[in-house]
Amino acid sequence: MKVLVPLNNGECLERFVEAGADELYLGFYDEGWFETFGKYADINRMSGFGKNANRYNFGEMTELAKKIKAAGKSAFVTMNANCYSTAQIDYVRKNYFPAMKEAELDGLIVSDIHLAKAAHEEGIRTVASTMCAIYNEDIAAYYREAGVKRIILPRDLSLDEIASICNAFDDMEYEVFFMRNGCVLSDCYCLGMHRKECGSTCGFLRSRPKKMITSVNSFDEKQKINQNDYLYNVHFHHDACAMCALYRMKEMGISALKIVGRADNYESVCEDIRLAKRNLQIVENSSSEKEYLDSMEFPPHAEKKCMWGYSCYYPEVRFS
(Lines give C-alpha, C1' and ligand atoms only; values in the text may rest on other atoms or scores of the structure.)
Protein backbone atom coordinates (compact mmCIF):
# COMPACT_ATOMS: atom_id res chain seq x y z
CA MET A 1 0.00 0.00 0.00
CA LYS A 2 1.26 3.44 -0.95
CA VAL A 3 0.94 6.61 1.12
CA LEU A 4 -0.61 9.52 -0.79
CA VAL A 5 -0.30 13.08 0.49
CA PRO A 6 -1.28 16.59 -0.70
CA LEU A 7 1.44 18.96 -1.85
CA ASN A 8 0.67 22.66 -1.67
CA ASN A 9 4.23 23.91 -1.21
CA GLY A 10 7.07 22.78 -3.48
CA GLU A 11 9.55 23.41 -0.66
CA CYS A 12 7.95 20.52 1.26
CA LEU A 13 8.44 17.96 -1.53
CA GLU A 14 11.82 16.74 -0.29
CA ARG A 15 10.58 16.53 3.30
CA PHE A 16 7.51 14.51 2.31
CA VAL A 17 9.67 12.13 0.27
CA GLU A 18 12.12 11.74 3.17
CA ALA A 19 9.19 11.00 5.50
CA GLY A 20 8.11 8.18 3.19
CA ALA A 21 5.42 9.58 0.86
CA ASP A 22 4.97 7.43 -2.24
CA GLU A 23 2.43 9.54 -4.12
CA LEU A 24 1.54 13.25 -4.10
CA TYR A 25 -1.47 15.14 -5.38
CA LEU A 26 -1.75 18.80 -6.33
CA GLY A 27 -4.32 21.40 -7.25
CA PHE A 28 -3.84 24.59 -9.24
CA TYR A 29 -5.47 27.90 -10.07
CA ASP A 30 -5.84 29.56 -13.46
CA GLU A 31 -6.76 33.23 -13.86
CA GLY A 32 -7.76 32.55 -17.47
CA TRP A 33 -10.31 30.00 -16.26
CA PHE A 34 -11.90 32.46 -13.83
CA GLU A 35 -11.91 35.24 -16.41
CA THR A 36 -13.72 32.92 -18.82
CA PHE A 37 -16.19 31.19 -16.49
CA GLY A 38 -16.44 33.46 -13.43
CA LYS A 39 -15.05 33.26 -9.91
CA TYR A 40 -17.64 30.72 -8.77
CA ALA A 41 -16.68 28.17 -11.43
CA ASP A 42 -14.35 25.98 -9.39
CA ILE A 43 -11.44 24.14 -10.97
CA ASN A 44 -11.33 21.77 -8.03
CA ARG A 45 -13.11 21.26 -4.73
CA MET A 46 -10.70 23.64 -2.95
CA SER A 47 -10.81 26.56 -5.39
CA GLY A 48 -12.90 28.58 -2.95
CA PHE A 49 -9.94 28.75 -0.57
CA GLY A 50 -7.93 30.55 -3.25
CA LYS A 51 -4.15 30.29 -3.17
CA ASN A 52 -4.21 28.97 0.41
CA ALA A 53 -5.18 25.57 -1.02
CA ASN A 54 -3.96 25.94 -4.62
CA ARG A 55 -0.75 27.94 -4.42
CA TYR A 56 0.46 27.43 -7.99
CA ASN A 57 -0.90 28.34 -11.39
CA PHE A 58 -1.24 25.63 -14.02
CA GLY A 59 2.25 26.05 -15.49
CA GLU A 60 3.92 26.06 -12.08
CA MET A 61 1.88 23.00 -11.06
CA THR A 62 2.98 20.98 -14.09
CA GLU A 63 6.64 21.83 -13.39
CA LEU A 64 6.17 20.67 -9.79
CA ALA A 65 4.56 17.48 -11.06
CA LYS A 66 7.67 16.86 -13.16
CA LYS A 67 9.83 17.28 -10.04
CA ILE A 68 7.69 14.70 -8.25
CA LYS A 69 8.23 12.28 -11.13
CA ALA A 70 11.96 13.01 -11.16
CA ALA A 71 12.06 12.08 -7.47
CA GLY A 72 10.66 8.66 -8.38
CA LYS A 73 7.21 9.33 -6.93
CA SER A 74 3.73 9.40 -8.47
CA ALA A 75 1.98 12.71 -9.26
CA PHE A 76 -1.78 13.26 -9.35
CA VAL A 77 -3.74 16.43 -10.13
CA THR A 78 -7.21 17.32 -8.84
CA MET A 79 -10.07 18.43 -11.05
CA ASN A 80 -12.88 17.39 -8.73
CA ALA A 81 -15.27 20.34 -8.63
CA ASN A 82 -19.00 19.69 -8.28
CA CYS A 83 -19.56 19.76 -12.04
CA TYR A 84 -18.14 20.92 -15.37
CA SER A 85 -19.98 22.32 -18.38
CA THR A 86 -19.30 21.26 -21.97
CA ALA A 87 -17.52 24.58 -22.54
CA GLN A 88 -15.32 23.99 -19.51
CA ILE A 89 -14.37 20.50 -20.66
CA ASP A 90 -13.47 21.94 -24.07
CA TYR A 91 -11.29 24.51 -22.27
CA VAL A 92 -9.58 21.69 -20.36
CA ARG A 93 -8.93 19.75 -23.57
CA LYS A 94 -7.29 22.76 -25.18
CA ASN A 95 -5.44 24.35 -22.26
CA TYR A 96 -4.64 21.56 -19.80
CA PHE A 97 -4.49 18.14 -21.43
CA PRO A 98 -1.40 18.70 -23.65
CA ALA A 99 0.79 19.77 -20.71
CA MET A 100 -0.63 17.03 -18.47
CA LYS A 101 0.38 14.44 -21.05
CA GLU A 102 3.82 15.97 -21.34
CA ALA A 103 4.26 15.85 -17.55
CA GLU A 104 3.28 12.14 -17.65
CA LEU A 105 0.86 12.45 -14.76
CA ASP A 106 0.02 9.23 -12.97
CA GLY A 107 -3.59 10.29 -12.71
CA LEU A 108 -6.09 13.11 -13.14
CA ILE A 109 -8.56 13.03 -10.24
CA VAL A 110 -11.98 13.75 -11.74
CA SER A 111 -15.49 14.19 -10.37
CA ASP A 112 -17.35 14.25 -13.69
CA ILE A 113 -17.93 11.24 -15.96
CA HIS A 114 -17.73 13.42 -19.10
CA LEU A 115 -14.39 14.84 -17.99
CA ALA A 116 -13.20 11.29 -17.27
CA LYS A 117 -14.16 10.17 -20.78
CA ALA A 118 -12.48 13.22 -22.35
CA ALA A 119 -9.25 12.55 -20.46
CA HIS A 120 -9.36 8.86 -21.38
CA GLU A 121 -9.75 9.78 -25.05
CA GLU A 122 -6.59 11.91 -24.77
CA GLY A 123 -4.65 9.06 -23.16
CA ILE A 124 -4.60 10.59 -19.69
CA ARG A 125 -5.02 8.13 -16.82
CA THR A 126 -8.05 9.03 -14.69
CA VAL A 127 -8.97 8.54 -11.05
CA ALA A 128 -12.58 8.71 -9.88
CA SER A 129 -12.84 11.22 -7.05
CA THR A 130 -14.90 10.56 -3.95
CA MET A 131 -17.29 13.10 -5.54
CA CYS A 132 -18.29 10.33 -7.97
CA ALA A 133 -20.26 8.55 -5.22
CA ILE A 134 -18.97 5.05 -5.91
CA TYR A 135 -20.93 3.28 -3.18
CA ASN A 136 -21.33 -0.12 -4.82
CA GLU A 137 -19.97 -2.36 -7.57
CA ASP A 138 -22.58 -1.23 -10.12
CA ILE A 139 -21.41 2.37 -9.89
CA ALA A 140 -17.79 1.17 -9.94
CA ALA A 141 -18.52 -0.73 -13.17
CA TYR A 142 -19.93 2.45 -14.76
CA TYR A 143 -16.69 4.37 -14.17
CA ARG A 144 -14.55 1.38 -15.10
CA GLU A 145 -16.28 1.27 -18.50
CA ALA A 146 -15.43 4.97 -18.91
CA GLY A 147 -11.74 4.13 -18.64
CA VAL A 148 -11.17 5.04 -14.98
CA LYS A 149 -8.20 3.12 -13.55
CA ARG A 150 -8.42 4.04 -9.86
CA ILE A 151 -11.35 4.69 -7.55
CA ILE A 152 -11.26 6.88 -4.45
CA LEU A 153 -13.87 5.29 -2.22
CA PRO A 154 -16.19 7.50 -0.13
CA ARG A 155 -15.02 8.04 3.43
CA ASP A 156 -18.38 6.93 4.86
CA LEU A 157 -18.23 3.37 3.47
CA SER A 158 -17.75 0.50 5.91
CA LEU A 159 -14.87 -1.93 5.45
CA ASP A 160 -17.30 -4.67 4.38
CA GLU A 161 -18.74 -2.36 1.72
CA ILE A 162 -15.24 -1.50 0.52
CA ALA A 163 -14.36 -5.20 0.34
CA SER A 164 -17.42 -5.96 -1.81
CA ILE A 165 -16.31 -3.38 -4.40
CA CYS A 166 -12.68 -4.50 -4.33
CA ASN A 167 -13.71 -8.13 -4.82
CA ALA A 168 -15.84 -7.23 -7.86
CA PHE A 169 -12.98 -5.84 -9.97
CA ASP A 170 -9.44 -6.97 -9.29
CA ASP A 171 -8.09 -5.01 -12.26
CA MET A 172 -8.80 -1.65 -10.59
CA GLU A 173 -6.80 0.32 -8.04
CA TYR A 174 -8.58 1.41 -4.87
CA GLU A 175 -7.76 4.41 -2.72
CA VAL A 176 -9.20 5.00 0.75
CA PHE A 177 -9.25 7.92 3.17
CA PHE A 178 -6.72 7.26 5.86
CA MET A 179 -5.69 10.27 7.97
CA ARG A 180 -6.82 13.80 8.86
CA ASN A 181 -9.83 16.02 8.18
CA GLY A 182 -12.89 13.84 8.13
CA CYS A 183 -16.27 15.20 7.06
CA VAL A 184 -19.68 15.20 8.70
CA LEU A 185 -21.34 14.82 5.30
CA SER A 186 -20.94 12.68 2.19
CA ASP A 187 -18.63 14.54 -0.23
CA CYS A 188 -20.45 13.35 -3.31
CA TYR A 189 -23.91 14.42 -2.20
CA CYS A 190 -22.78 17.73 -0.72
CA LEU A 191 -23.17 20.35 -3.43
CA GLY A 192 -22.24 23.22 -1.15
CA MET A 193 -19.19 25.29 -2.09
CA HIS A 194 -16.14 25.63 0.13
CA ARG A 195 -16.30 29.43 0.26
CA LYS A 196 -16.61 31.82 3.18
CA GLU A 197 -19.00 34.13 1.36
CA CYS A 198 -21.35 31.25 0.46
CA GLY A 199 -21.06 29.33 3.69
CA SER A 200 -20.20 25.67 3.24
CA THR A 201 -22.96 23.29 4.30
CA CYS A 202 -20.80 21.59 6.96
CA GLY A 203 -19.56 24.93 8.32
CA PHE A 204 -23.13 26.25 8.47
CA LEU A 205 -24.36 23.21 10.39
CA ARG A 206 -21.55 23.43 12.90
CA SER A 207 -21.47 27.17 13.46
CA ARG A 208 -25.07 28.37 13.36
CA PRO A 209 -27.30 28.63 16.47
CA LYS A 210 -29.57 25.63 16.99
CA LYS A 211 -33.04 25.24 18.37
CA MET A 212 -34.09 21.98 19.99
CA ILE A 213 -37.46 20.67 18.82
CA THR A 214 -38.80 17.44 20.33
CA SER A 215 -42.23 15.91 20.81
CA VAL A 216 -41.09 14.36 24.10
CA ASN A 217 -40.65 17.16 26.62
CA SER A 218 -38.49 15.40 29.20
CA PHE A 219 -35.04 16.00 30.66
CA ASP A 220 -33.76 12.60 29.45
CA GLU A 221 -34.87 13.24 25.87
CA LYS A 222 -33.35 16.73 25.79
CA GLN A 223 -30.14 15.45 27.38
CA LYS A 224 -29.76 12.78 24.69
CA ILE A 225 -30.36 15.28 21.88
CA ASN A 226 -27.93 17.78 23.37
CA GLN A 227 -25.31 15.09 23.95
CA ASN A 228 -25.61 13.84 20.37
CA ASP A 229 -25.29 17.37 19.02
CA TYR A 230 -22.23 18.02 21.15
CA LEU A 231 -20.44 14.82 20.20
CA TYR A 232 -21.27 15.23 16.50
CA ASN A 233 -20.21 18.85 16.26
CA VAL A 234 -17.24 18.92 18.64
CA HIS A 235 -15.63 15.49 18.34
CA PHE A 236 -16.79 13.66 15.22
CA HIS A 237 -14.11 13.36 12.52
CA HIS A 238 -12.24 16.55 13.40
CA ASP A 239 -8.98 14.61 13.07
CA ALA A 240 -9.91 11.30 11.50
CA CYS A 241 -7.73 8.18 11.44
CA ALA A 242 -7.78 4.65 10.00
CA MET A 243 -4.61 3.14 11.50
CA CYS A 244 -6.54 0.28 13.08
CA ALA A 245 -7.92 -0.77 9.67
CA LEU A 246 -4.52 -1.30 8.01
CA TYR A 247 -4.50 -5.09 8.30
CA ARG A 248 -7.93 -5.46 6.67
CA MET A 249 -6.95 -2.98 3.97
CA LYS A 250 -3.93 -5.11 3.14
CA GLU A 251 -6.17 -8.19 2.91
CA MET A 252 -8.52 -6.31 0.52
CA GLY A 253 -5.70 -5.23 -1.75
CA ILE A 254 -6.08 -1.48 -1.22
CA SER A 255 -3.57 0.42 -3.39
CA ALA A 256 -3.31 3.82 -1.71
CA LEU A 257 -3.86 5.41 1.68
CA LYS A 258 -5.00 9.03 1.35
CA ILE A 259 -3.72 11.58 3.86
CA VAL A 260 -5.74 14.76 3.31
CA GLY A 261 -5.10 18.35 4.40
CA ARG A 262 -3.88 20.47 1.51
CA ALA A 263 -3.66 23.57 3.71
CA ASP A 264 -2.43 21.79 6.87
CA ASN A 265 0.90 22.19 8.65
CA TYR A 266 3.52 20.26 6.67
CA GLU A 267 5.32 18.84 9.72
CA SER A 268 2.08 17.42 11.06
CA VAL A 269 1.52 15.73 7.69
CA CYS A 270 5.09 14.36 7.86
CA GLU A 271 4.33 12.86 11.27
CA ASP A 272 1.31 11.07 9.79
CA ILE A 273 3.41 9.75 6.90
CA ARG A 274 6.07 8.39 9.23
CA LEU A 275 3.47 6.82 11.53
CA ALA A 276 1.72 5.20 8.57
CA LYS A 277 5.01 3.76 7.32
CA ARG A 278 5.87 2.32 10.74
CA ASN A 279 2.47 0.67 11.03
CA LEU A 280 2.67 -0.67 7.48
CA GLN A 281 5.85 -2.44 8.51
CA ILE A 282 4.07 -3.87 11.56
CA VAL A 283 1.30 -5.12 9.26
CA GLU A 284 3.87 -6.93 7.12
CA ASN A 285 5.29 -8.62 10.21
CA SER A 286 1.89 -9.62 11.65
CA SER A 287 0.26 -12.98 10.96
CA SER A 288 -3.22 -11.91 12.08
CA GLU A 289 -5.30 -8.80 12.62
CA LYS A 290 -5.18 -9.36 16.39
CA GLU A 291 -1.39 -9.44 16.32
CA TYR A 292 -1.34 -6.19 14.38
CA LEU A 293 -3.87 -4.46 16.65
CA ASP A 294 -1.89 -5.51 19.73
CA SER A 295 1.38 -4.26 18.20
CA MET A 296 0.39 -1.16 16.22
CA GLU A 297 1.53 2.33 17.12
CA PHE A 298 -1.29 4.70 17.98
CA PRO A 299 -1.44 8.30 16.72
CA PRO A 300 -0.50 11.17 19.05
CA HIS A 301 -3.06 12.07 21.72
CA ALA A 302 -4.72 8.68 21.31
CA GLU A 303 -6.23 8.87 24.78
CA LYS A 304 -8.44 11.75 23.57
CA LYS A 305 -8.77 10.75 19.95
CA CYS A 306 -9.23 6.99 19.91
CA MET A 307 -10.99 5.81 23.06
CA TRP A 308 -14.55 6.59 21.96
CA GLY A 309 -14.24 6.06 18.23
CA TYR A 310 -15.52 9.47 17.12
CA SER A 311 -12.37 10.08 15.07
CA CYS A 312 -12.33 6.63 13.47
CA TYR A 313 -12.84 6.40 9.73
CA TYR A 314 -13.64 2.72 10.27
CA PRO A 315 -14.81 2.31 13.89
CA GLU A 316 -15.99 -1.26 13.30
CA VAL A 317 -12.44 -2.56 13.78
CA ARG A 318 -12.36 -1.64 17.48
CA PHE A 319 -16.03 -0.91 18.18
CA SER A 320 -18.06 -3.85 16.94
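A disulfide, for what I am going to say, is a pair of cysteine sulfur atoms within 2.5 Å, and by that rule the count in this structure comes to zero. Please keep in mind throughout that we are looking at a predicted model.

Let me stay with the cysteines for a moment. Cys312 takes part in no disulfide, since the nearest cysteine sulfur, which belongs to Cys244, is 6.2 Å away, and the cut-off is 2.5 Å. Cys312 nevertheless counts as buried, because its relative accessibility is 17% and the limit for buried is under 20%. Cys132 is buried as well, with a relative accessible area of 6%.

Now to the interior. The largest nonpolar core holds 99 residues, and those that touch the most other members are Phe16, Met79, Tyr96, Met100, Ile162, Phe178 and Met249. Helix α12, residues 266–284, gives this core its largest share, namely seven residues. As a general remark, nonpolar side chains tend to be buried together in soluble globular proteins.

Tyr96 deserves a closer look. If we leave out residues up to four places away in sequence, Tyr96 touches Phe28, Asp30, Trp33, Ile43, Phe58, Met79 and Tyr91. Tyr96 also belongs to one aromatic cluster, together with Phe28, Trp33, Phe37, Phe58, Tyr84 and Tyr91. The model as a whole has 12 aromatic pairs. Consider Trp33 and Tyr84, whose ring centres are 6.3 Å apart and whose planes stand at 75 degrees, so that the pair is edge-to-face. Trp33 sits in helix α2 whereas Tyr84 sits in the loop between β3 (74–79) and α4 (86–95), and the pair therefore ties together parts that are 51 residues apart in sequence. Both of these residues, Trp33 and Tyr84, are buried.

Phe28 brings us to a polar residue, Asn54, which is found in the loop between α2 (31–37) and α3 (58–70). Is Asn54 buried or exposed? At 1% relative accessibility, Asn54 counts as buried. A polar atom of the Asn54 side chain lies 3.3 Å from the backbone nitrogen of Phe28, and the side chain of Asn54 also makes a polar contact of 3.2 Å with that of Asn44.

I will finish with two helices, α7 and α8. In α7, residues 137–145, the buried residues are Ala140, Ala141 and Tyr143. They cover an arc of only 165 degrees around the axis, and so they lie on the same side of α7, while Asp138 and Glu145 are exposed on the other side. The buried residues of α7 pack against α6 (113–121), β5 (126–128), β6 (150–152) and α8. At the N-terminal end, Asn136 caps α7, with a side-chain oxygen 3.1 Å from the backbone nitrogen of Asp138, and just after the helix Gly147 takes a positive phi of about 95 degrees.

Which residues of helix α8, residues 159–168, are buried? They are Leu159, Ile162, Ala163, Ile165 and Cys166, and because their arc around the axis is only 165 degrees, they too are placed on the same side of the helix. On the other side of α8, Asp160 and Asn167 are exposed. What covers the buried residues of α8 includes α7, β7 (173–179) and α11 (246–252). Ile162, one of those buried residues, is also among the core members that touch the most others.

Terms used. Residues are numbered from 1 along each chain as its sequence is written. This is a predicted model: local features need pLDDT of at least 70, side-chain atom pairs count only at pLDDT 80 or more; totals for chains, interfaces and linings use all residues. Side-chain values use heavy atoms; hydrogens and water are left out. Helices (H or I, at least four residues) and strands (E, at least two) are DSSP runs, numbered from the N terminus. Buried means under 20% relative accessible area, exposed over 50%, partly exposed in between (1.4 Å probe, protein chains only). A polar contact is a pair of N or O atoms within 3.5 Å; within protein, one must be able to donate a hydrogen and the other to accept it, and residues adjacent in sequence count only if both atoms are side-chain atoms. A nonpolar core is a set of buried Ala, Val, Leu, Ile, Met, Phe, Trp, Tyr and Cys residues joined through side-chain atoms within 4.5 Å. Contact means heavy atoms within 4.5 Å. The arc is that of the directions from the helix axis to the C-beta atoms. Rings of Phe, Tyr and Trp (its six-membered ring) pair if their centres lie within 6.5 Å; planes under 30 degrees apart count as stacked, over 60 as edge-to-face and the rest as tilted.
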